[in-house]
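This briefing covers the packing and the internal space of one protein chain. The sequence and the structure come first, followed by notes grouped by topic.

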Amino acid sequence: MGTRNARFLRSKTIPLFLRALERQGLDPRQVTRRFGLPDDAIEGPEVWASLATVVEVTDECARLSADPSLGFHVGCTLERGAYGVVEFAARSVATLEEAVVRLVRYATLVSEQVQFELEPERGGVALHHGVPGEPQAFGRQVNELFLGLAVHLGRQLVGDDLAPRRAWLAHSTADLAELEAFLRCPVTLGAGRNGLSFSRAALKRRVVSADPALLKVLDGHAGLAAGARAHHLGLLPQVRALLRETLPQSGSAIDRVADRLRMSARTLQRRLADEGATFQLVVDQLRQELAVQGVADEKRTL
């Protein structure tokens with residue numbers, strides 16, 4: 001979990017899992033103490049932690065609850081409002097497609113590390129969910145929470161008969177029978193990221209709670225919050241984008257990127273360290289992603 005230890009994020013899932021233990025009559029403080037989490041982690045909306053800690057905490061909660069599919073069960077029954085303005089914006093749009101677009105648009109409000117992508121398919125659209133450079137994404141518990149929550153919320157928006165065409169998970173161990181029974185579609189394991197495919201007809205379905213006036217307010221608030229979050233994170237996305245442009249060139253990559261950002265290489269390293277990363281780690285992750293993409297491209301030889 002070397003790269004996971006260097007990835008920090010605001011996790012909304014850790015408090016959800018801690019409260020799930022509490023509802024079962026278990027003491028979540030045994031988890032907060034073990035992993036050095038803040039005292040308000042149980043009641044708070046989010047916790048600042050490394051990706052490795054998110055995976056370990058959610059796995060430990062599943063172990064303590066004796067429920068290997070705890071994340072999926074949390075997602076399928078998640079209380080209204082758990083994901084704040086992003087969720088309420090999705091509840092206020094006109095169609096399911098617009099709800100999915102809001103999720104992608106405001107992804108940084110869900111987590112700094114999460115990546116949502118929409119990919120057109122024949123007869124539909126695929127929604128991908130993952131972490132760049134992490135083939136296990138957020139680990140079994142959070143991966144399955146995503147699937148359960150996405151369909152659970154979708155059914156609240158457009159009707160209980162909503163069913164994706166197919167689904168996939170980054171990890172390779174799961175209760176497939178339960179997943180497929182709830183989702184009402186086939187599920188593929190070990191896919192390297194998570195996702196759902198919806199037909200175009202499903203995406204055009206009307207949202208029962210649509211509220212254009214409220215949506216305008218929520219979009220304004222979410223846009224400002226996402227902008228503030230991006231400004232706070234700032235450097236990592238910029239470095240990744242510049243590296244994609246300059247990596248094939250000869251010479252020192254860090255000097256080229258630092259020059260484009262109008263700072264010294266030392267300042268660049270210091271600011272990346274403040275965000276829990278190093279320049280070499282960003283380079284290695286990007287090279288890994290590009291290598292995987294190259295191998296997956298059937299038009300290119302090894």
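**Cores, helix H14 and cavity**

The largest nonpolar core has 69 residues, and within this core Ile14 and Cys61 touch the most other members. Helix H9, residues 140–158, is the largest contributor to this core, giving nine residues. The model is a predicted one.

**Core packing**

- Beyond its neighbours within four places in sequence, Ile14 is in contact with Leu37, Val47, Ala49, Val54 and Val57.
- A second core, separate from the largest one, holds 19 residues, among them Leu242, Leu247, Ala253 and Leu268.
- In soluble globular proteins, nonpolar side chains tend to be buried together.

**Helix H14 and the residue after it**

- Helix H14 covers residues 253–260, and its buried residues include Ala253, Ile254 and Val257.
- Arg256 and Ala258 of H14 are buried as well.
- Ala253 of H14 also belongs to the second core.
- Arg262, just after H14, takes a positive phi of about 60 degrees.

**The cavity**

- How many cavities of 30 Å³ or more does a search of the whole structure find? The search finds one.
- The volume of the largest cavity is about 520 Å³.
- The lining of the largest cavity is made up of 30 residues, and those closest to the centre are Leu103, Val110, Phe116, Phe146 and Leu149.
- H9 supplies eight residues, the largest share of this lining.
- At least two lining residues each come from strand S1 (8–11), helix H6 (84–92), helix H7 (96–105), strand S4 (124–130) and H9.
- Sorted by class, the lining comprises 22 nonpolar, five polar and three charged residues.
- H9 thus appears under two topics: it gives the most residues to the largest core, and it supplies the largest share of the cavity lining.

**The chain as a whole**

- The protein chain contains 16 helices and seven strands.
- Of its 302 residues, 52% are buried.
- Among contacts with a separation of 6 or more, 70% join residues 24 or more positions apart.
- The chain has an accessible surface of about 14700 Å², and carbon and sulfur atoms account for 53% of this surface.

Note on methods. Residues are numbered from 1 along each chain as its sequence is written. This is a predicted model: local features need pLDDT of at least 70, side-chain atom pairs count only at pLDDT 80 or more; totals for chains, interfaces and linings use all residues. Side-chain values use heavy atoms; hydrogens and water are left out. Helices (H or I, at least four residues) and strands (E, at least two) are DSSP runs, numbered from the N terminus. Buried means under 20% relative accessible area, exposed over 50%, partly exposed in between (1.4 Å probe, protein chains only). Contact means heavy atoms within 4.5 Å. Accessible areas come from the Shrake-Rupley method with a 1.4 Å probe; for residues, only the protein chains shown count as cover. A nonpolar core is a set of buried Ala, Val, Leu, Ile, Met, Phe, Trp, Tyr and Cys residues joined through side-chain atoms within 4.5 Å. On a 1 Å grid over the protein atoms alone, a cavity is a set of points where a 1.4 Å probe fits but cannot get out, and a pocket is an open set with protein on both sides within 12 Å along at least five of seven lines; lining residues have an atom within 4 Å of a point. Grid points are joined across faces, edges and corners, and a volume is the space filled by probe spheres set on the points. Ala, Val, Leu, Ile, Met, Phe, Trp, Tyr, Cys and Pro count as nonpolar, Asp, Glu, Lys and Arg as charged, and the others, Gly among them, as polar.
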